[in-house]
Each structure stands twice: as C-alpha cells, then as structure tokens.
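Below is a walk through one protein model, going from a strand and its partners to the pockets. Please keep the sequence and the 3D view open while reading.

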Amino acid sequence: MQTKNIMIVGVGGQGTLLTSRILGAIIRKAGFDVKLSEVHGMAQRGGSVVTYVRYGEKVFEPIVEEGQADVLIAFERLEAMRYAHFLKPDGVMIVNDQRMDPMPVVTGAMEYPENIIEDLEKKYKVISIDAMDEAKKLGNPRVFNTIIIGLAAKNMDFEKQDWLDVISETVPQKTVDINQKAFLQGYEG
C-alpha cells in the first residue's frame, strides 16, 4: 500500500487534536503504521493549527509535503484556502463552511476574503458542509468536528462500524452517543 497523507487544518479550539486522535486510532486498528505531527501557531489565540497524518505499511516521517495530501480536512474556510496547495491533484478537500476571523481581520488590518469555497471548487474537489449548523440541530455545537470526521470518513478506506467503535473509545464516555450521532450525520447525511 502506498503511503496515504491526510491534513487537518483549523483554528485553535476547534477540535483538531481530538480529530487526529480518532484518525490515528482507526488507522492503528486497521493495522497500519501511522505518524502524527502537529503544528500550533498561536493556537490559544485563534491561530492556525495543522495536523499531519501519514499512514501505510511503514511510514518514516510525519510531515506531508506540498501537493501530497490525499485528504485535506479544514475546520474553517480561510484555513482551507491557506493550505489548499498541499492537496494532490486528485485529492479531496472537506471544508467546514464556517468563518472565524483571524486577528488581522479583527483589528482591521486585513479583510476576510469572499467566495473562498467557490474559488477552491474551481481548482479542487471540494465537499463543504455547515457542520456548526448541523451540530446545533443535534443539540450540541461542540460535536461539529465529529460531523466533519463522518463526512471525511466517506472518502477513506475504513469501515463505518470501525469509526463508531473508535469514537466510543476516544471521546469522553458521557459524550459517546452524541458524537456517534454526529459522525453518522456527516457520514450518511
């Protein structure tokens, strides 16, 4: 099996760490070697957070090179745009259609770009979802990242039941049910 590359990008506090733990667990469960690497840029202040996930028979380094990501999971539109160049030509980008203004936008030094998803769709295979809205409908806005995991899971080689099992083993016990519902919302919705 050729090494697969996944990137998770978002803003501090959006659950990229939990997402990478779930991905790492399902990959290990499938018997693959996996390497995870996280890059935090001012995560506590709403800055970019990037996680690289590489897996295969034997993986030697954790960093995904530009143009090599099979799947790019973006928890925010601007982060999707910022890291799009890491996607392979035949890769897929899962984008949470949410806007979180970075500090330069908040302070007025820059403007938030318009039509990000539409512009990305001109060059990449993009699947977008307003996961925050979907999570609110489920009654818990904090599970929006699990909805995105469900959507991304449809573009990966692991069984639905394995995802559900890993979620139950990874999230806090009292949140298993809502996280599994959120996963299924993304996976089947």
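**A buried strand and its surroundings**

All six of the six residues of strand E4 (residues 69-74) are buried, so the strand is largely enclosed by the rest of the structure. The model is a predicted one, and the values that follow are computed from it.

Two strands pair with E4. Strand E1 (residues 4-11) and E4 run in the parallel sense and are joined over four bridges. A point to look at in this pairing is Ile6, whose bridge partner in E4 is Val71. Strand E5 (residues 87-96) also pairs with E4 in the parallel sense, here over five bridges. In that pairing Ala74 has Val95 of E5 as its bridge partner. The connection from E4 to E5 involves helix H2 (residues 77-83): E4, H2 and E5 make up a β-α-β unit that is right-handed. As background, side chains in a regular strand alternate between the two faces of the sheet.

These strands return in the second largest pocket, which holds about 150 Å³ of space. E1, E4 and E5 each supply at least two residues of its lining, and E5 gives the largest share, with three residues. The lining includes Ile6 and Val71, the two residues already met as bridge partners. Among the other lining residues are Lys4, Tyr55, Asp70, Asp90 and Asp157. By class, the lining of this pocket has five nonpolar, two polar and four charged residues.

The largest pocket has a volume of about 380 Å³. Which elements give two or more residues to the lining of the largest pocket? They are H1, helix H6 (144-153) and helix H8 (176-188). H1 provides the largest share of this lining, three residues. In total 17 residues line the largest pocket, and Leu18, Arg142, Asn145, Pro172 and Asn179 lie nearest its centre. The lining residues divide into seven nonpolar, seven polar and three charged.

One last stop is the loop between helix H1 (16-29) and strand E2 (33-40), where Ala30 lies. Is Ala30 buried or partly exposed? Its relative accessibility is 41%, and buried would require under 20% while exposed would require over 50%, so Ala30 counts as partly exposed. Ala30 and Val105 are 75 residues apart along the chain, and their C-alpha atoms are separated by 42 Å.

Terms used
Residues are numbered from 1 along each chain as its sequence is written. This is a predicted model: local features need pLDDT of at least 70, side-chain atom pairs count only at pLDDT 80 or more; totals for chains, interfaces and linings use all residues. Side-chain values use heavy atoms; hydrogens and water are left out. Buried means under 20% relative accessible area, exposed over 50%, partly exposed in between (1.4 Å probe, protein chains only). Two strands pair if DSSP finds at least two bridges between them. A crossover is right-handed if, with the strands pointing away from the viewer, the path from the first strand over the helix to the second runs clockwise. On a 1 Å grid over the protein atoms alone, a cavity is a set of points where a 1.4 Å probe fits but cannot get out, and a pocket is an open set with protein on both sides within 12 Å along at least five of seven lines; lining residues have an atom within 4 Å of a point. Grid points are joined across faces, edges and corners, and a volume is the space filled by probe spheres set on the points. Ala, Val, Leu, Ile, Met, Phe, Trp, Tyr, Cys and Pro count as nonpolar, Asp, Glu, Lys and Arg as charged, and the others, Gly among them, as polar.
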